[in-house]
Structures are given as structure tokens and as C-alpha cells.
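Work through the exercises below with the sequence and the coordinates open beside you. Each task is followed by a solution that goes step by step.

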Amino acid sequence: MITFQKDEKNNIIYGDLSKQKNLKFEFKGRDNILFFAAESANVNATFYGDNTLLFISGNGGWLYGSFVLNSHGLCYIGKNSTSNGVDFRVHEGKNIILGDDVMYSWGIWLSTCDYHLIFNSKTYARNNFSKSIYIGDHVWCGQESAILKGCVVASGSILGAKSVNSGKKFSNSIYAGNPSQFIKNEIFWSRLDPCAWGKVQTKQHITMQTEDFKFTFEKEKFLNPALIEKELESMDTALQKLEFVYDYIYNNTEKNRFALFEESDISECKLYKDESKIAFKDLEFKELQKLEIFKPKGAKERIQNTLSYKLGLAMIQNSKNARGIISLPFTLLKIQSKHKKTQKLYQEQIKINPNLKLPPLQTCEDYHEAIKAKEHLSYKLGEALIKASKAWYKGGYVKFFFELRRIKNGYKNTCK
């Protein structure tokens, strides 16, 4: 059963958030979807606009870097894929699709657009339309490589360090340079790291007898990026795209689904779907209690959101007229009740996803602004009221009225 929760703008998160380590996300629009098929680490995503989908297959991978997704864009990350520092930039309603076991180094970026428009000076027609990016299974991208719009990298390939890649890259081949050029084919690579090896380990790995990383073109099983793109272009919502990539990509475990060679004939290829797998429409879903998706707050905002500050601010605002003074006790009780419910809601969400726990105030960039907020009259008045309410049976409220004068006088002297 897959759990999900919505916010007030119909942004939906699918999956168990408690299994996502160091998760950061922000929805700026509506009708966006963040889908977790399994556990993940270090996902940092910002959803600009509406109807955007980020699908994280997870299953042990980690993703240092960031996802920037604009309206109607799609980013799919396959199982066991890793990155040490990658910017995924999904712009102008296009798609970035990565297969399984993709390995990215650091300082890498992928972008579906050029950021500025180029036109033909005679026809006035636009030249540089945005294009989607497709990366196959078991692809290794070297340090500081760039992957430009329209790039298709077939399974088993290597993109060299600092390479700038566009166009088609075929399976079990190496490409390097700026712009990247074909270097060598009939290769395969392994994730084994020899940096700390001595002579013994090196000698043990002079050869590697395995077929695991050698790919073959299969016309019946090949997922032609052009056909995937055509299907996605016909869809209007993130939910439609979610169902499609779940059924045709996530459920597809065929080894050669993204294997392509220069001599491959893809003219008769059709999209392969594994009918033995459970389709998205047949999955069981359970909506969790509708929870507010708490966004990271700065230190100053967090102080202003404390009960002390809110009570003190209400006391100041309601003391300006007789009506406000009469209604003040009821206003304070209402604020206290609402604050208590909000805190309970927050603690429930922390249980679901411990990574949403806010960091210590002193680690925030605006920590000094928070210190100033704690010195504000609002905070001090509210703090004194809370202290008085805890000791009401010892005359706490009586002492509070005397304390009011001291706090106000002290604040006036500070402001002079």
C-alpha cells in the first residue's frame, strides 16, 4: 500500500517520508507531485509552477545536488542511481529521465533549455526550442560534465570529465571532450573503486568475467525516447505522467530497455510494457491525515511564531481600544488553543519524517535577527504572561501586572 498526503494547493507526496534521509522540498505552485517508490537520501527539490512531477525510484541511491522543476516538467530518477553533486534543471515543460544504476560524479549539470531565446534574423522564427534529456541504465558521468538539451545517452556508456554532451551517445562506448566526441566502443565499466588498492587487488582485477554490464539492442524491448516523449507531450497533468512512467519505466526491469547502437534499427519499435507487473491504476493507496507541509523557517520567523511572541503581540494590539481590552482574554485563549494544535500537528509530522525537524536556531543565517526578535516587547510580554499562568495558584497573575510596568519601562529605555 502506498501512502500519500496533500497540501492545500493539491500538491501530493507519495511514499513513506520516514525513509527519506535529509529530504528538502518546497512547493511554490499547485498540483505538483513528489513520488518516492522506496528509500532515498539527500533529495533537495524546488517545484516552481504547476503540474510538475519528480519520481524518485530510490532503493539505496543517494542524490547530492538539487532539482529545479518548472511547470509541466518531469524528472524521473531510476533505482540505485547516485550523484555526488548534480543540478537537474527541468525547464519549459520538458523531461529528464534517468535509468537505473546511473553514477554521477560532482560539478555536473543537466538542463533542458538554453535560458534565453535565439531567433532567425530573416524568418524571425525561434531556433532554440527546449528539448528533453534521456539517460539509459548504468551510465557513468565524469566530474564537471555537462548534458545539454536533447541529449540521449544509451545504457552502459561513459561521459568523460568536463565533457559537454549533446546528441546521441551509443551503448558501451566512451565520449569525451568539448564538444564530446566518440572515443571508444565495446567497453563496459564497474562501480569498483581502485583508489586504495595495492598490488594484490590490482592483480586480482586484471580481467572481469561478467556479462552484467554488456548491453544488446532488442527491438521488442527497446524504449525509444522519441515514443516516450510523444506520449508525455500528449499529457496535461502530473498525475497522468506519473501513471505512464510508473507503468512503462519503473515497472520495466528489462536489461536492454535503453540499449542502443549506431547500427540499431528503431523504425519499427513500439513501447514495451511488462503486463506481469501491477499497473499504477491497480495499486492500493491510503491518504494520510491531511497535514500541513511545514516549510523550513528562518530563525527570526521561528521566534515570531512562538507562543510568547504571538500572545505579546495580541496584548499590544488589543490594548489600543476598549473593545480590544474586553475581548483580550478570549483572544489569548484562542491563540493558545490554535498554537497547541499546530504544535501537535508538527510533532505528528516529525514522527512521519524526522528529517523535517527544524535545526537549532544558532545554525540559521538570520540568527542575530532572531536575538533581536526575542528582545522585542511582544516576546517579553508574552513570556511574562506564560510564566504567570504557570504559577497562577501562587498569585502569578497579580505579580504579572506589576511585571508589566517593569517590562514596558525597560523596553522604552532600550529604544531610546
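The exercises that follow concern aromatic rings and their surroundings in a predicted model.

**Exercise 1.** Classify the ring pair of Phe4 and Phe285, and state where its two members lie.

*Solution.* A pair of aromatic rings is described by the distance of the centres and the angle of the planes. For Phe4 and Phe285 the centres are 6.5 Å apart and the planes stand at 75°. Planes over 60 degrees apart count as edge-to-face, so the pair of Phe4 and Phe285 is edge-to-face. Phe4 belongs to strand S1 (residues 2-6) and Phe285 to strand S23 (residues 285-287), so that this pair links distant parts of the chain, 281 residues apart. As for accessibility, Phe4 has a relative accessible area of 13% and is therefore buried, whereas Phe285, with 30%, is partly exposed.

**Exercise 2.** Carry out the classification for Phe27 and Phe47, and decide whether each residue is buried or exposed.

*Solution.* The ring centres of Phe27 and Phe47 are 4.7 Å apart and their planes meet at 45°, so the pair is tilted. Phe27 lies in strand S4 (residues 24-27) and Phe47 in strand S7 (residues 44-47), with these positions 20 residues apart in the numbering. Buried means under 20% relative accessible area; Phe27 counts as buried because its value is 6%, and Phe47 counts as buried because its value is 0%.

**Exercise 3.** Place the pair of Phe4 and Phe285 in its wider aromatic setting, and find lysines that lie over ring faces.

*Solution.* A search of the whole structure finds 21 aromatic pairs. Ring pairs join Phe4 and Phe285 into a cluster with Tyr14, Phe35, Phe55, Tyr76, Tyr246, Tyr250 and Phe280. Turning to the lysines, Lys221 lies over the face of Tyr272, at 5.2 Å from the ring centre, and Lys255 lies over the face of Phe215, at 5.7 Å from the ring centre.

**Exercise 4.** Which residues make the nonpolar surface patch of about 550 Å², and is Phe401 buried or exposed?

*Solution.* The patch is made by Trp392, Tyr393, Tyr397 and Phe401. Phe401 is found in helix H9 (residues 396-415), and because its relative accessible area is 58%, Phe401 is exposed.

**Exercise 5.** Describe the location of Asn32 and the contact of its side chain.

*Solution.* Asn32 sits in the loop between S4 and strand S5 (33-36). With 0% relative accessibility, Asn32 counts as buried, and its side chain reaches the backbone oxygen of Gly49 at 3.1 Å.

Key. Residues are numbered from 1 along each chain as its sequence is written. This is a predicted model: local features need pLDDT of at least 70, side-chain atom pairs count only at pLDDT 80 or more; totals for chains, interfaces and linings use all residues. Side-chain values use heavy atoms; hydrogens and water are left out. Patches are made of residues with over 30% relative accessible area and no salt bridge: like charges are joined within 9 Å, nonpolar side chains (Val, Leu, Ile, Met, Phe, Trp, Tyr) within 5 Å. Accessible areas come from the Shrake-Rupley method with a 1.4 Å probe; for residues, only the protein chains shown count as cover. A salt bridge is a side-chain nitrogen of Lys or Arg within 4 Å of a carboxyl oxygen of Asp or Glu. Helices (H or I, at least four residues) and strands (E, at least two) are DSSP runs, numbered from the N terminus. Buried means under 20% relative accessible area, exposed over 50%, partly exposed in between (1.4 Å probe, protein chains only). Rings of Phe, Tyr and Trp (its six-membered ring) pair if their centres lie within 6.5 Å; planes under 30 degrees apart count as stacked, over 60 as edge-to-face and the rest as tilted. A charge sits over a ring if NZ of Lys or CZ of Arg is within 6 Å of the ring centre and within 35 degrees of the ring normal. A polar contact is a pair of N or O atoms within 3.5 Å; within protein, one must be able to donate a hydrogen and the other to accept it, and residues adjacent in sequence count only if both atoms are side-chain atoms.
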